[in-house]
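Here is a short report on selected features of one protein model. Keep the sequence and the 3D view open while reading.

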Amino acid sequence: MIEKVLKGSPAFYIWLLFLGSIAGLGVFAYIFQLQYGLTITGMSRDVSWGLYISQFTYFVGVAASAVMLVLPAYFHHYKKFKKMIILGEFMAISAVLMCMLFIVTDMGQPQRMLNVILHPTPNSIMFYDMMVLMGYLFINALVGWVTLEAERHDVDPPKWIKFFIYLSVVWAFSIHTVTAFLYAGLPGRHYWLTAIMAARFLSSAFASGPAILLLLVMALRRLTGFDPGREAIQTLTKIITYAMAINVFFFLLEVFTAFYSGMPGHQHPLTFLFVGHDGHASWVVGWMWTAAVLAILSLCLLIPPQFRDNERVLPWALGILVIASWIDKGLGLLIGGFTPNPFETVTEYAPTFPEILVTVGVYAIGLMVLSVLWKIALDVKKEAGTF
């Protein structure tokens, strides 16, 4: 099926060329970072994770969101999602590859990653995070390719693949749970030290991931005519709405616990994020208020059926939701965890231009992989008459 990539319109190859040029700029910035070290980033001794790890965290959730199509389709036999499942699985592959690239870019010497393989430490959450990401990448690639090959030949997928389909559901929950444990297991970081961190990660993932998928599918419909079906779109939108409502509820639980308990360690990160702390009010204050307003606005547009089912309003609602969750679960989460530090001092962080350029480059690589995979999937569907 790989030969499908070689038969495309000029617009498709221009798109790949454009993404390749952006990726090239990112690679150039990364080579510059390798030469001069992480000192060219905004990170420091007190803020050792930054833009790269924030994007890693967010896209782990995007990868896990494919389960919102697989679970209803295979566990509850909801056939309306069957047309979109391959797109969700291929998006998960792209997202996991981006996660791995963000980990590489965050390391001063990327060859140190071999230490996780050559000298594994089973008592380390980082070891399990690597295992679940690699496992999830393999499972989605296997399931996606085998089921697409079966669709191409108009036959049922082999029975043995169902084991991996069911395994992918459990694995999707595991990748984001383990990622949450990376944060929740650090006792000196009060903003992350919460029992519901994994639940917050999952609810955010199951809102933002399907929202990104729907936005891309809507763009695909305009460009190619591919139609997943109105009922499938409406059902997935309902899932997104419930997940976003739960995500906002969980965040409000954190706010209540911090301020009603009167525990300074839990109050100060939230105070810094929304109003500043101890005379420090950085750019992140406006950033977080933007996320809060957009999160509430997205629910106002998604909860009423007359707005949610209106396909002119829906893309705006989904776009607003994605921006809100990207801020909250990205840099908002990272900066809140590192500020103030355990010594109650504030070290401000802001991404530098090279950091942003490397990040955009990783985005471009992810979009290139996604474009190629979706091109193959759509051509197979056209050939099989399931387009």
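Cys 99 is buried, because its relative accessible area is 0% and the cut-off for buried is under 20%. Cys 300 has a relative accessible area of 45%, so this cysteine counts as partly exposed. The model, which is predicted, holds zero disulfides.

**Another buried residue**

Ala 63 sits in helix 2, residues 51-64. Its relative accessible area is 0%, so Ala 63 is buried. From Ala 63 to Gly 135 the C-alpha distance is 12 Å, with the two positions 72 residues apart in sequence numbering.

**Surface patches**

Which residues form the positive surface patch? They are Lys 79, Lys 82, Lys 159 and Lys 162. Lys 159 belongs to the loop between helix 6 (125-152) and helix 7 (161-184). Lys 159 counts as exposed because its relative accessibility is 79%, and the cut-off for exposed is over 50%.

A nonpolar surface patch is made by Trp 15, Phe 18 and Leu 367. The area of this patch is about 280 Å². Trp 15 is in helix 1, residues 10-36. At 36% relative accessibility, Trp 15 is partly exposed.

**Backbone points to check**

Two residues other than glycine have a positive phi: His 77 and Asp 154. Phi is near 55° for His 77 and near 55° for Asp 154. His 77 is in the loop between helix 3 (67-75) and helix 4. Asp 154 is in the loop between helix 6 and helix 7. The loop between helix 6 and helix 7 also holds Lys 159.

Where is the cis peptide bond? It joins Thr 339 and Pro 340, with omega about -10°. Pro 340 lies in the loop between helix 14 (331-338) and helix 15 (353-384).

Thr 339 also enters a long-range comparison with Gln 111. The two are 228 residues apart in sequence and 30 Å apart in space, C-alpha to C-alpha. Gln 111 is in the loop between helix 4 (82-106) and helix 5 (114-118).

**Accessibility of selected loop residues**

| Residue | Relative accessibility | Class |
|---|---|---|
| His 77 | 58% | exposed |
| Gln 111 | 49% | partly exposed |
| Asp 154 | 69% | exposed |
| Lys 159 | 79% | exposed |

Why does Gln 111 count as partly exposed? Its relative accessibility is 49%, and partly exposed covers the range between under 20% and over 50%.

Terms used
Residues numbered from 1 in each chain as written. Predicted model: local features only at pLDDT ≥ 70, side-chain atom pairs only at ≥ 80, totals over all residues. Heavy atoms only, no water. Patch = residues over 30% accessible without salt bridge, like charges linked within 9 Å, V, L, I, M, F, W, Y side chains within 5 Å. Areas by Shrake-Rupley, 256 points an atom, 1.4 Å probe, with all protein chains shown as cover. Salt bridge = Lys/Arg side-chain N within 4 Å of Asp/Glu carboxyl O. Lys, Arg positive; Asp, Glu negative; His and termini not counted. Charge placed at Lys NZ, Arg CZ, Asp CG, Glu CD. Helix = DSSP H or I, 4+ residues; strand = E, 2+ residues; numbered from the N terminus. Buried < 20%, exposed > 50% of the residue type's maximum accessible area, 1.4 Å probe, protein only. Disulfide = S-S within 2.5 Å.
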